[in-house]
Amino acid sequence: MDNTTGFHALLEQITRTTHDLWIKGWAERNAGNISVRLAPDQIPGNPEKNSEWVACGFDAPELGGELFLFSGTGCYMRNVALHPECHLGVVELDGAGRRFRRVWGFTGGGRPTSEIAPHLRAHGARLQASGGADRVVMHAHTPCVIALTHCLDLDTARLTRLLWEMHTECIVVFPDGCGYIPWQLPGSLALGDATAEELRKRPMAVWQFHGTVGTGPDIDTVLGLMDTAEKAAQLYNLAAAAGGVRNKLSTEQLTTLARAFHVTPDPDILGAIQS
Ligand code: 2HA
Ligand code: ZN
C-alpha cells in the first residue's frame with residue numbers, strides 16, 4: 001500500500017465514522033472529536049512544510065515528531081464527509097512536543113479540536129500503555145452513559161462493575177474497565193491529565209456530565225468499545241425505567257466469561273480470579 005492509498009483509506013474510515021456519530025445521536029452541533037496518530041503508511045503525500053508553528057500550551061515530549069490527524073475545532077461531525085479537507089487536518093508536533101504546524105487540510109483556516117489537550121494526553125498515555133499499538137482517540141456525547149453520571153454516585157470501580165453486570169459483552173470487550181473522571185472544564189489540561197491517569201490502565205473513560213473518550217489501535221475498535229459501554233448504560237437506563245434492575249451478571253458469571261474468553265479483568269474491580 002502506498003502512502004496516498006493509506007491516507008485515503010483512513011479518510012474514508014473517518015468520514016464514515018463521523019457520520020455514524022451524528023446518526024447515533026452522539027454528536028449534536030459541534031460535539032465530538034477524533035484524532036489519529038498517523039502510522040508511516042497513513043502520512044499524506046506532499047505534506048506542506050511552510051505553515052507556522054503554533055504553541056500547544058503544554059509539553060508532550062513523548063509525542064515529539066509525531067503526525068496527527070485531528071477533527072477541527074467547531075466542526076459539525078455531520079458535515080465532515082462533505083468537505084474532509086476543510087474539517088480535518090494533519091499536524092506535525094515539533095521534536096519537544098511543544099508546538100504543532102499544519103501539514104495537510106484545515107483549508108479555510110481550521111485548527112485542531114478544542115479538546116487537543118485531552119487528546120494529546122490520551123495519546124501519550126496509550127502510546128506507553130499499548131507499546132505503540134493504540135493510535136486513535138475519539139470523544140463523543142454518548143447520552144446513556146452521560147445520564148448515568150447524573151443519576152448515580154460513581155467512581156471507576158462502580159461504573160465498570162455496573163457496565164460489566166448489565167451486558168454480557170462488556171467484560172470481554174473492556175476487561176481493564178472504564179475509567180470515571182469527575183467533571184473538569186472541557187478542553188483543559190486538568191481534564192487531559194485526569195484522563196491520562198485512567199488511560200494508563202484502561203482504554204476508555206467517562207467524563208462526568210459530558211461524554212465518553214475511547215482509544216485503541218483503529219477506528220472500528222474504538223467505536224465498538226464506546227458503543228458497547230453505551231449499550232450497557234442504555235440497558236441499565238431501560239431496566240431502571242421499567243421498574244428497577246432486579247437481576248444482573250454475578251461475579252461468578254463474570255469470572256466464567258473471563259475464563260472462557262481468555263481475558264484478565266482488572267483484579268481491583270472484579271477480584272482476583274482463582275484458577
Ligand atoms: O468539540 O465535544 O468536548 C466539542 C466537544 C467538546
Ligand atoms: Zn465534548
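How are α3 and α7 oriented to each other, roughly parallel or roughly perpendicular? The model to open is a predicted one.

**Stop 1: α3 and α7**

Select residues 116–129, which form helix α3, together with residues 189–199, which form helix α7. Their axes lie 8 Å apart and the helices pack at an angle of about 20°. An angle under 35 degrees counts as roughly parallel, and α3 and α7 are therefore roughly parallel to each other. Their crossing is right-handed.

Next, show side chains for the contact. On α3, pick A117, P118, R121, A122, A125, R126 and A129. On α7, pick L189, L191, G192, D193, A196 and L199. Colored by class, this contact of α3 with α7 shows nine nonpolar residues, one polar residue and three charged residues.

**Stop 2: ligand 1**

Center the view on ligand 1 and display its surroundings: N30, A31, G32, N33, E115, H139, H141 and H210. Three distances can be drawn here.

- From E115, draw a line from an N or O atom of the side chain to an oxygen atom of ligand 1, at 2.3 Å.
- From H139, draw a line from a polar side-chain atom to an oxygen atom of ligand 1, at 3.2 Å.
- From N30, use a polar backbone atom, which is 3.3 Å from an oxygen atom of ligand 1.

**Stop 3: α5 and α8**

Move to helix α5, residues 156–166, and helix α8, residues 219–241. Here the packing angle is about 80°, with the axes 8 Å apart. Angles of 65 to 115 degrees count as roughly perpendicular, so that term describes α5 and α8.

Which residues make the contact? Select L162, L163 and M166 on α5, then A229, A232, A233, L235, Y236 and A239 on α8. The contact of α5 with α8 has nine nonpolar residues, no polar ones and no charged ones.

**Stop 4: α4 and α8**

Keep α8 on screen and add helix α4, residues 143–151. The axes of α4 and α8 are 7 Å apart, and the angle between the helices is about 55°. That angle makes α4 oblique to α8. The crossing of α4 past α8 is left-handed.

For the contact, select P143, C144, V145, A147 and L148 in α4. Their partners in α8 are A229, E230, A233, Q234, Y236 and N237. By class, the contact of α4 with α8 divides into eight nonpolar, two polar and one charged.

Conventions:
Residues are numbered from 1 along each chain as its sequence is written. Chains are lettered from A and ligands numbered from 1 in the order in which they are written. This is a predicted model: local features need pLDDT of at least 70, side-chain atom pairs count only at pLDDT 80 or more; totals for chains, interfaces and linings use all residues. Side-chain values use heavy atoms; hydrogens and water are left out. Axes are lines fitted to C-alpha atoms, for helices over the stretch in contact, and angles run from 0 to 180 degrees between N-to-C directions. Helices (H or I, at least four residues) and strands (E, at least two) are DSSP runs, numbered from the N terminus. Angles under 35 degrees count as roughly parallel, over 145 as roughly antiparallel, 65 to 115 as roughly perpendicular and the rest as oblique. A crossing is left-handed if the near helix is turned anticlockwise from the far one by less than a right angle, and right-handed if clockwise. Contact means heavy atoms within 4.5 Å. Ala, Val, Leu, Ile, Met, Phe, Trp, Tyr, Cys and Pro count as nonpolar, Asp, Glu, Lys and Arg as charged, and the others, Gly among them, as polar. A residue is near a molecule or strand if one of its heavy atoms lies within 4 Å of it. A polar contact is a pair of N or O atoms within 3.5 Å; within protein, one must be able to donate a hydrogen and the other to accept it, and residues adjacent in sequence count only if both atoms are side-chain atoms.
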